[in-house]
Amino acid sequence: MKDVKIVLLGYMGSGKTTVGRIVANHLNIKFLDLDAYIEQREDMSVSSIFKEKGEIYFRKKEIEYLIEIFLNESSFVLSLGGGTPCFGDNMNVINEKTANSFYLNVGISELKERLVKEKNHRPMISHLQDNELTEFIGKHLFERSFFYNKAHQKVKSDNNSPTEIAEVIINSLV
Ligand code: S3P
């Protein structure tokens, strides 16, 4: 089988990790989560990296490890962090390295429902009150959509189960 390198991207809470694991299982290839990879290599949680070293350091490491993964691994499903596509030239770098980048597109109200329960360990939103989340996500997603929309394919992911989304991705591979 030829190498298949699948990249999943989208906002926090869009299901990148859950869907990514299912896709990798079905195809019997490795699953990688960029946040988990960074945590392992840096021996620190993402929250601690943000707190102790700052966001700029984290963003530098994100692209460094992303390139490392593409160099060292053959077939994989890689779930990015929500911000990975939105810094530097990252989205162009990704699309040059694979023809299979997928944007898991989830709307603002569904994202809010998902994120309100788990905002504390997410450094981008942990400082917000629950009633500020919808407005924050709306603006943030608007800014980020420009980058997310550079993905080769977009998968509407509001109402479908992770298994259904995984199936759409598997059937759309090029
Ligand atoms: C971030 C999303 C997180 C993680 C970091 C920054 C962002 O990943 O990389 O907290 O900027 O949206 P998930 O999308 O996997 O939560």
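**Ligand surroundings, central sheet and the setting of Ser101**

In this predicted model, the ligand is surrounded by 14 residues (those with a heavy atom within 4 Å of the ligand), of which the closest are Lys16, Asp35, Arg59, Arg122 and Arg144. An oxygen atom of the ligand lies 2.8 Å from an N or O atom in the side chain of Lys16, and an oxygen atom of the ligand is 2.4 Å from an N or O atom in the side chain of Arg122. At Gly83, by contrast, the partner is a polar backbone atom, 3.3 Å from an oxygen atom of the ligand. Residues are numbered from 1 along each chain as its sequence is written, and side-chain values use heavy atoms, with hydrogens and water left out. Local features need pLDDT of at least 70 and side-chain atom pairs count only at pLDDT 80 or more, whereas totals for chains, interfaces and linings use all residues.

Five strands (DSSP runs of E, at least two residues, numbered from the N terminus) form an open sheet with parallel pairing in the order β2-β3-β1-β4-β5, where two strands pair if DSSP finds at least two bridges between them. The edge strands, each pairing on one side only, are β2 (30–33) and β5 (153–156). Strand β2 is joined to the parallel strand β3 (residues 76–79) by 4 bridges, and Phe31 stands opposite Val77 in β3.

Lys16 belongs to the buried residues of helix α1, together with Val19, Gly20, Ile22, Val23 and Ala24; buried denotes under 20% relative accessible area (1.4 Å probe, protein chains only), and helices are DSSP runs of H or I with at least four residues. These buried residues pack against β1 (5–9), β2, β3, β4 and α8 (162–172). Just after α1, Asn28 takes a positive phi of about 60 degrees.

Ser101 lies in strand β4 (residues 100–105) and is buried, with a relative accessible area of 0%. The side chains of Ser101 and Asn95 are joined by a polar contact of 2.7 Å, a polar contact being a pair of N or O atoms within 3.5 Å of which, within protein, one must be able to donate a hydrogen and the other to accept it, while residues adjacent in sequence count only if both atoms are side-chain atoms. With neighbours within four places in sequence left aside, the residues in contact with Ser101 (heavy atoms within 4.5 Å) are Val7, Leu9, Met91, Ile94, Asn95, Ala151, His152 and Gln153.

Technical notes:
Buried < 20%, exposed > 50% of the residue type's maximum accessible area, 1.4 Å probe, protein only.
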